[in-house]
Amino acid sequence: MTREVKLNELTALLETATYPLSVATAQQEFDDVRLMYADGTEPLAAVLDRIDDEQFDSPDEAQSSIYNTIPVEGVGKPGQSEGEG
């Protein structure tokens, strides 16, 4: 069964793993996870494929690497901030 995870829920998901965590192990542990973007979804394993790191030392490091890899369009409109509207 596929788990759909919103970006604001990613931290909680990553905290379930044991660190240090290799990217390959993360791909296996989270192979059923799809990240939910503003404009669709993407398998977390596909995002991890684009990461150059070999391992993460903490959930914060993993989250930062993932956020740096996801497409800008997935987060929302370019230039939009949380307080606008």
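**Exercise 1. Establish how many helices and strands the chain has, and in what order the elements run from the N terminus on.**

Solution. In this predicted model, the chain has five helices and five strands. Reading from the N terminus on, one finds the elements in the order β-α-β-α-β-β-α-β-α-α. As for how the chain contacts itself, residues 24 or more positions apart make up 59% of the contacts with a separation of 6 or more.

**Exercise 2. Work out the strand order of the open sheet of three strands, and explain why one side of strand 1 and of strand 4 is left without a neighbour in the sheet.**

Solution. Begin with strand 1, which runs parallel to strand 3 (residues 33-37) and is joined to strand 3 by four bridges; within this pairing, arginine 3 stands opposite valine 33 in strand 3.

Next, take the pairing of strand 3 with strand 4, which is antiparallel and also extends over four bridges. Here tyrosine 37 stands opposite glycine 40 in strand 4, and the connection between strand 3 and strand 4 is a hairpin through two residues.

Putting the two pairings together gives an open sheet with the order 1-3-4 and mixed pairing. Strand 1 (3-6) and strand 4 (40-43) stand at the edges, and because each has a single partner strand, one side of each is left without a neighbour in the sheet. From one strand to the next, the twist averages 35 degrees.

**Exercise 3. Describe the largest nonpolar core: how many residues does it have, which of them have the most contacts inside it, and which elements give two or more residues to it?**

Solution. The general expectation is that in soluble globular proteins nonpolar side chains tend to be buried together. In this chain of 85 residues, 34% count as buried, the criterion being a relative accessible area under 20%.

The largest nonpolar core has 22 residues, and those with the most contacts inside it are Phe30, Leu35, Leu44, Leu48, Phe56 and Ile66. The elements that contribute two or more residues to this core are helix 1 (10-14), helix 2 (23-29), strand 3, helix 3 (44-49) and helix 4 (59-67).

Leucine 48 serves as an example: once its neighbours within four places in sequence are set aside, leucine 48 is in contact with Val23, Ala26, Gln27, Phe56 and Ile66.

**Exercise 4. State the accessible surface of the chain and what percentage of it belongs to carbon and sulfur atoms.**

Solution. The accessible surface of the chain comes to about 5400 Å². Of this surface, 46% belongs to carbon and sulfur atoms.

Methods. Residues are numbered from 1 along each chain as its sequence is written. This is a predicted model: local features need pLDDT of at least 70, side-chain atom pairs count only at pLDDT 80 or more; totals for chains, interfaces and linings use all residues. Side-chain values use heavy atoms; hydrogens and water are left out. Two strands pair if DSSP finds at least two bridges between them. Axes are lines fitted to C-alpha atoms, for helices over the stretch in contact, and angles run from 0 to 180 degrees between N-to-C directions. A nonpolar core is a set of buried Ala, Val, Leu, Ile, Met, Phe, Trp, Tyr and Cys residues joined through side-chain atoms within 4.5 Å. Buried means under 20% relative accessible area, exposed over 50%, partly exposed in between (1.4 Å probe, protein chains only). Contact means heavy atoms within 4.5 Å. Accessible areas come from the Shrake-Rupley method with a 1.4 Å probe; for residues, only the protein chains shown count as cover.
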